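Open the model in your viewer and keep the selection panel at hand. The tour goes stop by stop.

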Amino acid sequence: MAPLPLFEPHPYALTAALAAEAAGHQGAFWPMAGLLFKNQDSLDDASIIRYGEQLGLDDTSALIGDPAQRFAGAVRKDYQAGIDAGVHGTPTLFINGEPYLGAVTITDLRDTMSMSRKRARFRR
C-alpha cells in the first residue's frame, strides 16, 4: 500500500499522491515518494517537476495537473484500503495483519516481533 494522503493537515497530499503514482508509472514510485516525504514543505507543481528531473524521469509533465489525474482511481483505492485496514495516519505499521500501536523503536519492534512469532508457533 502506498503512503496514506492526509488531506486535512496537508493541502498538497492529493497532489503528492498523484505525483508518486505517476512516477511509479515511470518506475520510480518509491524514490519519488521519498523525495515528496522529505520535502513536505515544497509540494507545488514546480517542485514536483524538479523532483522528477532529479530522478531522471522521461515525462515530468505527467506528474502534475490533468495528466496526473489518470492515477486518481489508484490513489482513491489505496486511500480506501488504508481506511478499511484501520490506518488513521502515516506511518502506520502492521505486524501479522494487526496495527502496531506501540513506540516505534528498534527494541519495541523487536519485542513485538518476537511475541508475534511465539504466538504464531503456539497457534500451529
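Start by selecting α1 (13-25) and helix α5 (residues 72-85). They pack at an angle of about 110 degrees, with their axes 9 Å apart. Axes here are lines fitted to C-alpha atoms, for helices over the stretch in contact, and angles run from 0 to 180 degrees between N-to-C directions. α1 and α5 are therefore roughly perpendicular to each other; the classes are roughly parallel under 35 degrees, roughly antiparallel over 145, roughly perpendicular from 65 to 115, and oblique for the rest.

This is a predicted model: local features need pLDDT of at least 70, side-chain atom pairs count only at pLDDT 80 or more, and totals for chains, interfaces and linings use all residues. Residues are numbered from 1 along each chain as its sequence is written, and side-chain values use heavy atoms, with hydrogens and water left out.

Show side chains at this first stop. L14, A17, L18 and E21 in α1 meet A72, A74, V75 and D78 in α5; contact means heavy atoms within 4.5 Å. By class, this contact of α1 with α5 has six nonpolar, no polar and two charged residues. Ala, Val, Leu, Ile, Met, Phe, Trp, Tyr, Cys and Pro count as nonpolar, Asp, Glu, Lys and Arg as charged, and the others, Gly among them, as polar. α1 passes α5 in a right-handed crossing: the near helix is turned clockwise from the far one by less than a right angle, where anticlockwise would be left-handed.

**Next: α2**

Keep α1 and add helix α2 (residues 29-38). The axes of α1 and α2 come within 7 Å and cross at roughly 155 degrees. That makes α1 roughly antiparallel to α2. The crossing of these two helices, α1 and α2, is right-handed. On the α1 side, pick A16, A19, A20, E21, A23 and G24; they meet F29, M32 and L36 in α2. The contact of α1 with α2 holds seven nonpolar, one polar and one charged residues.

Now color α2 by burial. Buried means under 20% relative accessible area, exposed over 50%, and partly exposed in between (1.4 Å probe, protein chains only). Which residues of α2 are buried? They are F29, M32, A33, L35 and L36. Look down the axis of α2: its buried residues fall within an arc of 165 degrees, so they line one face of the helix. The arc is taken over the directions from the helix axis to the C-beta atoms. Turn to the face away from the buried side to find exposed W30, F37 and K38.

**Next: α3**

The buried residues of α2 pack against α1 and also α3 (45-54), so select α3 now. α2 and α3 pack at an angle of about 135 degrees, with their axes 10 Å apart. That makes α2 oblique to α3. Here M32, L35 and L36 in α2 meet I48, Y51, G52 and Q54 in α3. The residues of this contact of α2 with α3 divide into five nonpolar, two polar and no charged.

**Next: L109**

Jump to L109, in helix α6 (residues 106-123). L109 is partly exposed, with a relative accessible area of 22%. Select L93, Y100 and V104: L109 touches them, not counting residues up to four places away in sequence.

**Last: the whole chain**

Zoom out. The protein has six helices and two strands, which are DSSP runs numbered from the N terminus (helices H or I, at least four residues; strands E, at least two). Along the sequence the pattern is α-α-α-α-α-β-β-α. Buried residues make up 32% of the 124 residues.
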